[in-house]
Amino acid sequence: MRRSLATSQGLRGPNLGRVLLALALMVGVLAQLLPAAMQSVAAQDDEIIVGLITKTETNPFFVKMKEGAQQAADAAGVKLMTAAGQFDADNASQVTAIENMVTAGAKGILITPGDTKAIVPAIEKARAAGVLVIALDTPTEPMDATDALFATDNFKAGLLIGEYAKASMGDTVPVIATIDGSTGVSVSVLRHNGFLAGFGPAADAAATPSAADSVFVADSRVVCSQDADGDQALSQTAMENCLQKSGDINLVYTINEPAARGAYTALKAAGKENDVLIVSIDGGCTGVEAVKDGQIAATSQQYPLKMAQMGVDAVVKFAKTGEKPSGYTDTGVTLITDKPMPGIDSKDTTFGLENCWG
Amino acid sequence: MSDTTSNPTPVLEARGLVKRYGHVTALDGADFALYPSEILAIIGDNGAGKSTLIKALSGAITPDEGEILLDGQSVRFRGPLDARRHGIETVYQDLAVAPALDIAENIFLGREIRLAGPLGFAFRMLDKRRMRREASDHMRDLNIGIRSMRQAVETLSGGQRQGVAVARAAAFARHVVIMDEPTAALGVKESHMVLGLIRQVRDRGLPVILISHNMPQVFDVADRVHIQRLGKRVAVVEPRNFKMSDAVAIMTGAMAGEAISRG
Amino acid sequence: MGDASIVAERSAGPATAEGRTPVSLAALLANLGPLLALLLAMAFFASRSDRFLTGANLSLVIQQSMVVGVLAIGQTLIILTAGIDLSCGAIMALGGVVMARLAVINGVHPILAIALGVLTGAAFGALNGVLVTNIQLPPFIVTLGTLNIAFAITHIYSQNQTITNVPAALTFFGNTFRVGSTAITYGTVLMFVLFGLTWFVLRYTAFGRHVYAVGNNPEAVRLAGININLLLLLVYTAAGLLYGIASLLSVARTGVGDPNAGQTDNLASITAVVLGGTSLFGGRGKVLGTLVGVLIVGVFRNGLQLIGVESVYQVLVTGILVILAVTVDQFARRRQQ
């Protein structure tokens, strides 16, 4: 009976030996991995700990940011502790990371908030516990929830490519598609509105968009706006759908370069890649390569490595002197293109590749 | 024990049952009678209406015509649960037990006993101790030697599991236990044990209806054999003075059954 | 008569009610393995960081586990019936947004807003239950569908906006009280109460035993005259109610109504259930094991952070532990058959 039940389910009893072998293998793997991962473990009480919390582990932007932080931490002889969300707006994981870092005794925490509003209560608790909190890349809402912000001026990043696009298009009537990031995240709004401001207001516009606008400013020339999370595959789909909506699109703004590549793929499939101008933001190495190849006309390059280095240095300074940074520090942005336009400041892709991230 | 002539009132009786499924007539005026303290086997070829008859007797279907009497009273079952409420319990071939639950929990599955007082009333708390004690009594009544009622059923052999099912049926049946191919999933040795259990149930005074394809088993354990053919009862024979080969001949239509039928 | 008595092969002797159950090594491992893993992990981290084994830190670990913990209670109930629920995190996010928006934007009394948020969870659970029982769809597919439905409704209803400045009643369970020098969150107390309550129901009520039985052998449950559809409907609704309570804990913990909450919590809760030794095949497992499973994940997350290991290694460790737990479960099951 027991045998018939087992065979009827297609099961064969495993032997204990095999199970134990598998167990031993797993323990072996762990034993190999953990020590390697723990080179700089075991904080001494007097050691300065700097925490870095990024949106995700995988985005090259954050990889570069971590690299910059590690370099600065090594140079200053302090310990860097890192954590990240599992997806872009993973607030719960970031809250947990803040709590753990405070418990671990971090002097300061550098964070790129995944959800700019939701993270605020956790940051307030950390600051109440005497920890310096600096936002990198993305401001919290309200911005003064952190001690300081080290970031690209995202409105300016949008403005630069907007101005470039205007100069490049000349008198052509613009039919614009925008591939945006998560709506409600301030970076997305600032870049989008900066782009429109740089491009110049439409004839029927009430006013030029400004950095104070908290939502996408309506613009009659934008025929299609899609939220694709800055993801290449989602952006490709979004662009395909935009082309269904209007085949006359001749200018595409994308929130970042993966989105630009996704849009380019969709345009190429539709045979329109040479008729449409794509402008983007980020300055990642593959993004600058895409500019060099002519897929993207121009991109605004930002500097995550610098943000992180400045952040770590600020925490070290705070730990040693008690001096806190405050307000907003612009970490700079540069327009990268191989087709410069008269009257628009830009650098070529050779400069872009020397300074790119990812 | 199987001397039914001294007891004229059947425990469970059916008269002229008819059940049609579209153009197919599964029961065509079938009669049936089960007397106290007997094991009555039902045999019949495929399509003879055996399982339809059992479904009618256990409340799983309602016959189109005819009458069912329990202890001489006309009854109408509205479903298997209704038949159970009338004291008719069924044991199935496919070991209808929950393997991870223990023996006591299986015996009382769906009929759990709650604690007396507020714990049982307000918190719906079960009287596990009492259920184990009663389960143990039921198992002992059938001479099923299992040490602990807290033992998960999955740790038992197939025969022991069927023993749990039989004990459950015997514990709650007030009138009749129906055994639907109870040994079909078991090996020879364990089938033998279950046949022993069937005798035990009968010896405790509960009549048993046994449905089986296994002729040697039927002739080993049954007091009487109801032979079903073409939707009707064609004969009832007593194994002690009837040849198995003749019963098979009646079942397949090679021999007329009416001559020896007791009606 | 001699051949009529079935003598137990492994445990001969007279039937008694309260004898000891025979226990195999595999079953013992399946029962005590999770607790052992938790204690070993704690010992390891205590030896590597003097900050780990403090009241404040352990209280923090539990607090960080409370949302997934309560979700995992509902998940345990469903997995015990041989089902699975992919929608729990999405339902939780919806409940949280509902209560936060009602209270903050519509000015509904906070207590009523909480009740409506929790009821939203229960209603979605009931929807899962109806689809699983009445339309007889597989739980995996049903909850994959309601995962997306709840996610979309959350984002449509919230207009993708995180709701801040929620009234104090919504964050009550994030407040703390002190035992000695250790601050304990009210939410963790609620989590422990819910685990205790579920443990009692599963172990000491007929409903609880039927939950195991239906995951074990639904046919046996049906033949025993139990209304399986009603039973499953109750299980899914109870799970939804628990997700609604998790909504409240999530709002309390983060202080906001977050439409992006819980996106990975379905897998996190399934992980906790599996780590706790509950079988994905249904009918076997313990809700207190799930508590241990949740704490294992929490301890690794916190401990690895404290000793400075990158968080990606936590994912690696969790993966290995899941495989281990399932292996032990398979082994225990096959031995018993």
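Here a trainee and a mentor talk through a predicted model.

Trainee: What makes A116(B) exposed?
Mentor: Count its neighbours. A116(B) has 10 other C-beta atoms within 10 Å. The cut-off for exposed is 12 or fewer. So A116(B) is exposed.

Trainee: Where is the place of A116(B)?
Mentor: In chain B, A116(B) sits in the loop between α3 (103–107) and α4 (118–123).

Trainee: How many residues apart in sequence are A116(B) and D127(B), and how far apart in space?
Mentor: They are eleven residues apart in sequence. From C-alpha to C-alpha, the distance is 8.0 Å.

Trainee: Now chain C. Why is chain C called as compact as a globular protein of its length?
Mentor: Start with its make-up: chain C has twelve helices and three strands. Its radius of gyration is 21 Å, and the globule rule gives 20 Å for 337 residues. The two values are close, so chain C is as compact as a globular protein of that length.

Trainee: What box do the C-alpha atoms of chain C fill?
Mentor: Roughly 80 × 55 × 35 Å, along the principal axes. Of the 337 residues, 57% count as buried. That label takes 20 or more other C-beta atoms within 10 Å.

Trainee: On to helix α6 of chain A. How do you know that its span agrees with the expected one?
Mentor: Helix α6 covers residues 154–169, which is 16 residues. At 1.5 Å a residue, the helix should span 22 Å. Its end C-alpha atoms are 22 Å apart, so the span agrees.

Trainee: Which residues of α6(A) are buried?
Mentor: Among them are F155(A), L159(A), L160(A), I161(A) and Y164(A). E163(A) is on the list too. The buried residues pack against α7 (186–199) and the strands β8 (251–254), β9 (277–282), β10 (298–302) and β12 (333–336) of chain A.

Trainee: What follows α6(A)?
Mentor: G170(A), with a positive phi near 60°.

Trainee: Which domains does the assignment give for chain A?
Mentor: Domain 1 is 49–152 + 304–325, and domain 2 is 154–301 + 334–354. Their C-alpha centres lie 29 Å apart. Each gives nine residues to the contact. On the domain 1 side, four are nonpolar, three polar and two charged.

Trainee: What is the mean pLDDT of chain A?
Mentor: The mean is 86, and 87% of the residues reach 70 or more. Over residues 1–14, though, the pLDDT is below 50. Beyond near neighbours in sequence, that stretch has 16 contacts in the model. Residues 38–43 of chain A also stay under 50.

How values were computed. Residues are numbered from 1 along each chain as its sequence is written. Chains are lettered from A and ligands numbered from 1 in the order in which they are written. This is a predicted model: local features need pLDDT of at least 70, side-chain atom pairs count only at pLDDT 80 or more; totals for chains, interfaces and linings use all residues. pLDDT is the predictor's confidence in each residue, from 0 to 100. Two residues are in contact if their C-beta atoms, placed from the backbone, lie within 7 Å. Helices (H or I, at least four residues) and strands (E, at least two) are DSSP runs, numbered from the N terminus. The radius of gyration is taken over C-alpha atoms; the globule rule is 2.2 Å times the number of residues to the power 0.38. Domain bounds come from an automatic or database domain assignment. Ala, Val, Leu, Ile, Met, Phe, Trp, Tyr, Cys and Pro count as nonpolar, Asp, Glu, Lys and Arg as charged, and the others, Gly among them, as polar. The expected span of a helix is 1.5 Å times one less than its number of residues.
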